[in-house]
Amino acid sequence: MTTSAKKTNNPLVTGNSIWLGYPDNSIGISPRTEKFNYVVLQSEEAVGRAMLDELAGYADEHAGDIVIVLLGGRGAQAMYRLINRLTETGEIDQLLERLHVFTQDALAPMRLDNGLSFVRDFERLLGDKFFAKVKSFTPMQTETDDLVGGLRKYVDRLAVLGGIDLFFLGLGPEAEAASHLCYIKPGSGAKLSDYAGVIPISSSILEHHIAKFKVGGSIISAEDESECRNATHILTLGPAAILSARRIVQSIVDASTAPGKRQSFRRLIETRLSADPAGLARQVDENPGLLIRLHGDVRSFILPDLLA
């Protein structure tokens with residue numbers, strides 16, 4: 001698969017969604033027909049350490065700057081707390097100084113300082129010193145009347161930096177044991193060549209979003225929740241962003257509070273992928289979580305309760 005960054009074309013309207021895609025359909029995929037490999041660890045803290053080890057190991061293997069995409073919600077909180085502690089000591093300063101940091105999705109329109117925004121949650125978990133030390137931080141813009149234009153600038157910034165090195169992903173539960181990655185929901189019409197999109201908000205994602213922030217300990221006012229519930233759209237990276245990342249690091253640590261993830265994960269690992277490109281595209285549209293099985297370099301860390 002190609003890992004080079006390319007310019008996206010004009011927005012394409014698919015149903016009620018708007019997608020920014022590559023000018024062609026040449027996104028390479030590596031369907032994993034063999035067993036999906038994952039590592040079962042015994043604690044959330046162990047998952048966080050494993051995720052940070054992946055970042056540090058990648059940095060040791062590659063020279064220059066590193067572009068990472070942060071995971072919101074519960075999945076990476078243990079890693080963020082660990083990074084916060086190490087940032088205070090200066091122990092990982094050389095690593096932080098190489099990082100270009102991006103968010104992967106957002107609800108809009110919404111203030112960036114809303115307690116239910118990923119930006120505010122990242123600030124809470126990673127700390128001010130983290131953002132002062134990294135090379136750059138680029139969130140999706142949710143405080144604008146031109147959501148598509150703001151998203152295009154975000155995507156163009158990724159392209160200028162050469163694309164995504166490490167993409168931290170979770171797994172969100174959906175109806176009928178389907179799942180979402182980023183906020184690519186089932187039936188959103190995203191093609192494998194679509195890099196980012198603006199899609200209508202769904203009640204399932206809205207409730208999942210609010211619930212995971214509350215479980216994660218975010219400070220949320222009544223005003224914050226009201227504004228969040230009035231959001232009309234989701235900004236999200238798309239299939240091409242996932243498939244063109246150089247490495248994916250997945251973590252699933254909250255099956256005890258989001259039990260639907262058990263069925264979603266089982267369907268993810270047990271689905272037989274179609275050998276027909278059109279059939280595979282339909283499978284991914286019905287169950288976007290399958291995208292992770294089309295990537296050739298995935299590290300997946302889970303807790304035992306996901307398999308219960």
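Which residues of strand β5 (residues 99-102) are buried on one side, and which on the other? The legends below start with that strand and then move on to its neighbours, a pocket and several salt bridges. Please keep in mind that this is a predicted model.

**Figure 1. Strand β5 is covered on both of its faces.** Leu99 and Val101 lie on one side of β5, His100 and Phe102 lie on the other, and all four are buried. If the order of these names looks like a zigzag, the general pattern helps: in a regular strand the side chains alternate between the two faces of the sheet. Strand β5 pairs with β4 in the parallel sense, over 4 bridges. Within that pairing, look for isoleucine 68, whose bridge partner in β5 is valine 101. Strand β7 (residues 136-138) also pairs with β5, again in the parallel sense, and here there are 3 bridges. A handy landmark is histidine 100, which stands opposite serine 136 in β7.

**Figure 2. Strand β8 (residues 166-169) has buried residues on both sides.** Leu166 and Phe168 make up one side of β8, while Phe167 and Leu169 make up the other, and all of them are buried. Strand β4 (residues 66-69) runs parallel to β8, and 2 bridges join them. Isoleucine 68 appears in this view too, standing opposite leucine 166 in β8. Strand β13 (residues 247-252) is another parallel partner of β8, with 4 bridges between them. To find this pairing, start at phenylalanine 167 and look for its bridge partner in β13, isoleucine 248.

**Figure 3. The second largest pocket is lined by residues that include Arg49, Asp53 and Leu95.** This pocket holds about 180 Å³ of space. Its lining consists of Arg49, Leu52, Asp53, Ala56, Ala59, Asp60, Ile92, Gln94, Leu95 and Arg98. Two elements, α1 and α3, each give two or more residues to that lining. Helix α1 supplies the largest share, 6 residues. Sorted by character, the lining residues are 5 nonpolar, 1 polar and 4 charged.

**Figure 4. Aspartate 53 and arginine 49 form a salt bridge.** Both residues were met in the pocket view, where they are part of the lining. Their side chains meet with an N to O distance of 3.8 Å. Both lie in helix α1 (residues 44-61), 4 residues apart, which is about one turn of the helix. Is aspartate 53 buried or exposed? It falls in between: aspartate 53 is partly exposed, with a relative accessible area of 43%. Arginine 49 is partly exposed as well, with a relative accessible area of 40%.

**Figure 5. Lysine 133 forms a salt bridge with aspartate 93.** The closest N and O atoms of this pair are 2.9 Å apart. Lysine 133 belongs to helix α5 (residues 128-133) and aspartate 93 to helix α3 (residues 93-96), so the salt bridge ties together parts that are 40 residues apart in sequence. Lysine 133 is partly exposed, its relative accessible area being 24%.

**Figure 6. Arginine 229 and glutamate 207 meet in a salt bridge.** The N to O distance between the two side chains is 2.7 Å. Arginine 229 sits in helix α8 (residues 222-229) and glutamate 207 in helix α7 (residues 203-215), so this pair ties together parts that are 22 residues apart in sequence. Both ends of the bridge are partly exposed, with a relative accessible area of 36% for arginine 229 and 40% for glutamate 207. Leaving aside residues up to four places away in sequence, arginine 229 touches Leu206, Glu207 and Ile210. For orientation, the C-alpha atom of arginine 229 is separated by 15 Å from that of aspartate 113, 116 residues away along the chain.

**Figure 7. Salt bridges that share partners build one network.** The residues joined in this way are Glu54, Glu61, Arg247, Asp297 and Arg299. As general background, side chains of opposite charge can pair when their charged atoms come close. How many salt bridges are there by the rule used here? The count comes to 21.

Technical notes. Residues numbered from 1 in each chain as written. Predicted model: local features only at pLDDT ≥ 70, side-chain atom pairs only at ≥ 80, totals over all residues. Heavy atoms only, no water. Salt bridge = Lys/Arg side-chain N within 4 Å of Asp/Glu carboxyl O. Buried < 20%, exposed > 50% of the residue type's maximum accessible area, 1.4 Å probe, protein only. Pairing = 2+ DSSP bridges. 1 Å grid on protein atoms, 1.4 Å probe; cavity = no way out; pocket = protein on both sides within 12 Å on 5 of 7 lines; lining within 4 Å. Points joined across faces, edges and corners; volume = space filled by probe spheres on them. Nonpolar A, V, L, I, M, F, W, Y, C, P; charged D, E, K, R; others polar. Contact = heavy atoms within 4.5 Å.
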